[in-house]
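Here is a short report for a reader new to this structure. Have a look at the chains before reading on.

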Amino acid sequence: MTEVQHVDVKDYHQDIQTLFNEGYEMMVDLTAVDWFRKKEPRFEVVVNLLSLSKNKRKTIKVKVDDKTLTVPSITDIYPGANFYEREVFDMFGILFENHPELTRILMPDDWIGYPLRKDYGSGRIPVQFKNAPKVD
Amino acid sequence: MYSPDNIFTTTIDKAVRWSRTQSMWPVTFGLACCAIEMMAAGSAKYDLARYGMEVFRASPRQADLMIVAGRVSQKMAPVLRQVYDQMAEPKWVIAMGACSSTGGMFNNYALVQGVDHIVPVDVYVPGCPPGPQSLMHGILTLHDKIMAGEINR
């Protein structure tokens, strides 16, 4: 099982640095969770680390402040986190402090809204054949 | 014995339409799984070369036909339109598969609900994905359309 570690926003960067020094060489994944109407605060950033030398995995969860929506960037420790953080910014609107280029990565640059938030509609268009009479 | 004096008569319209159908070069525009079927249609077993269209051109300037093979995202839409605009007249568009025809199974914010929102489509090929035979039927339908239509659009 993967060990899960909850950290505070202000300790987050330092803790990641510590884990890197302990031998977690690889950042496997960085993503976010929207706990809309289920938990406070709303957003949580999840980082999965892997130590190849020790054959161990670790999951770091950090709660994001609702007002600032800001988390320190870990691109200075794991350069591979760059695109992951951009994706989280694009999809959830969470800002990463000291990120070299925090712009949208998947959606067009002029896109309004953050699609993976729970209160963002799926943008469905009603389709005619849905209400077509059923054929027995 | 070879005789250079043989002639045949036709109308300019017919000759132009015939020449357009028999060397219709598609622009490479594979976007998703439909592109795999498009490649299969171009390869040895189905052999699009029979219709003079085995050369998928990487440059839109040399192409007559755009086969939109796959789902078109909102971000891809301006690119698709630009490639279409760069093609020289006369030009045609085939919407290959459910996604490029209607949006298909992806009824959401990220994808264009039918490529006919961006470019005029001549033939819609149904299927998810359509097999090479379906695509070739679509192409032959387009040939019929050209043979029956006006030469200046």
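Helices (H or I, at least four residues) and strands (E, at least two) are DSSP runs, numbered from the N terminus. The model is predicted. With that numbering, Pro129(B) sits in the loop between β4 (123–125) and α5 (132–148) of chain B.

**Unusual backbone**

Pro129(B) is joined to Cys128(B) by a cis peptide bond. Its omega is about -15°. Chain A has a cis bond too, joining Glu40(A) and Pro41(A), with omega about -10°. Pro41(A) is found in the loop between β2 and β3 of chain A.

Most residues other than glycine have a negative phi, and most peptide bonds are trans. Asn98(A) is not a glycine, yet its phi is positive, about 65°. Asn98(A) lies in the segment after β6 (95–97) of chain A. Asp47(B) also has a positive phi, of about 60°, without being a glycine. Asp47(B) is in the loop between α2 (33–42) and β2 (65–69) of chain B. Asn98(A) counts as exposed because its relative accessibility is 73%, over the 50% cut-off. Asp47(B), at 28%, is partly exposed.

**Cores**

In soluble globular proteins, nonpolar side chains tend to be buried together. Here the largest nonpolar core has 29 residues. Among those with the most contacts inside it are Tyr12(A), Val47(A) and Ile74(A). The elements of chain A that give two or more residues to this core are α1 (9–22), β2 (26–34), β3 (43–51), β4 (56–64) and α2 (81–92).

What does Val47(A) touch, leaving out residues up to four places away in sequence? Its contacts include Tyr12(A), Ile16(A), Met27(A), Leu30(A), Ile60(A) and Ile74(A). Asp29(A), Lys58(A) and Thr59(A) touch Val47(A) as well.

A second, separate core has 21 residues. Leu65(B), Met96(B), Leu135(B) and Leu142(B) are included in it.

**Salt bridges**

The count over all chains is eight salt bridges. Three of them are listed here.

| Pair | Closest N to O distance |
|---|---|
| Arg42(A) and Asp34(A) | 2.8 Å |
| Arg42(A) and Asp119(A) | 3.1 Å |
| Arg81(B) and Asp85(B) | 3.0 Å |

Asp34(A), Arg42(A) and Asp119(A) are linked in a network. The bridge from Arg42(A) to Asp119(A) links distant parts of the chain, 77 residues apart. Arg42(A) is in the loop between β2 and β3, and Asp119(A) is in the segment after β6. Are Arg42(A) and Asp34(A) buried or exposed? Both are buried. Arg42(A) has a relative accessible area of 15%, so it falls under the 20% cut-off. Asp119(A) is partly exposed, at 45%.

Arg81(B) and Asp85(B) share helix α3 (residues 77–86) of chain B. They are four residues apart, about one turn of the helix. Arg81(B) is partly exposed at 31%. Asp85(B) is partly exposed at 43%.

**Where the chains meet**

Six residues of chain B are in contact with 13 residues of chain A. Together the chains bury about 810 Å², with 59% of this on carbon and sulfur atoms. Which three residues supply the most of the area that chain B buries? Lys75(B), Asn107(B) and Tyr109(B) do, with 79% of it. By class, the touching side of chain B has one nonpolar, four polar and one charged residues. Two residue pairs are in polar contact between the chains. The rule finds zero salt bridges across this interface.

Notes
Residues numbered from 1 in each chain as written. Chains lettered and ligands numbered in written order. Predicted model: local features only at pLDDT ≥ 70, side-chain atom pairs only at ≥ 80, totals over all residues. Heavy atoms only, no water. Contact = heavy atoms within 4.5 Å. Buried area = accessible area lost by both parts, 1.4 Å probe. Salt bridge = Lys/Arg side-chain N within 4 Å of Asp/Glu carboxyl O. Polar contact = N/O pair within 3.5 Å; in protein donor to acceptor, adjacent residues only side chain to side chain. Nonpolar A, V, L, I, M, F, W, Y, C, P; charged D, E, K, R; others polar. Core = buried A, V, L, I, M, F, W, Y, C linked by side-chain atoms within 4.5 Å. Buried < 20%, exposed > 50% of the residue type's maximum accessible area, 1.4 Å probe, protein only.
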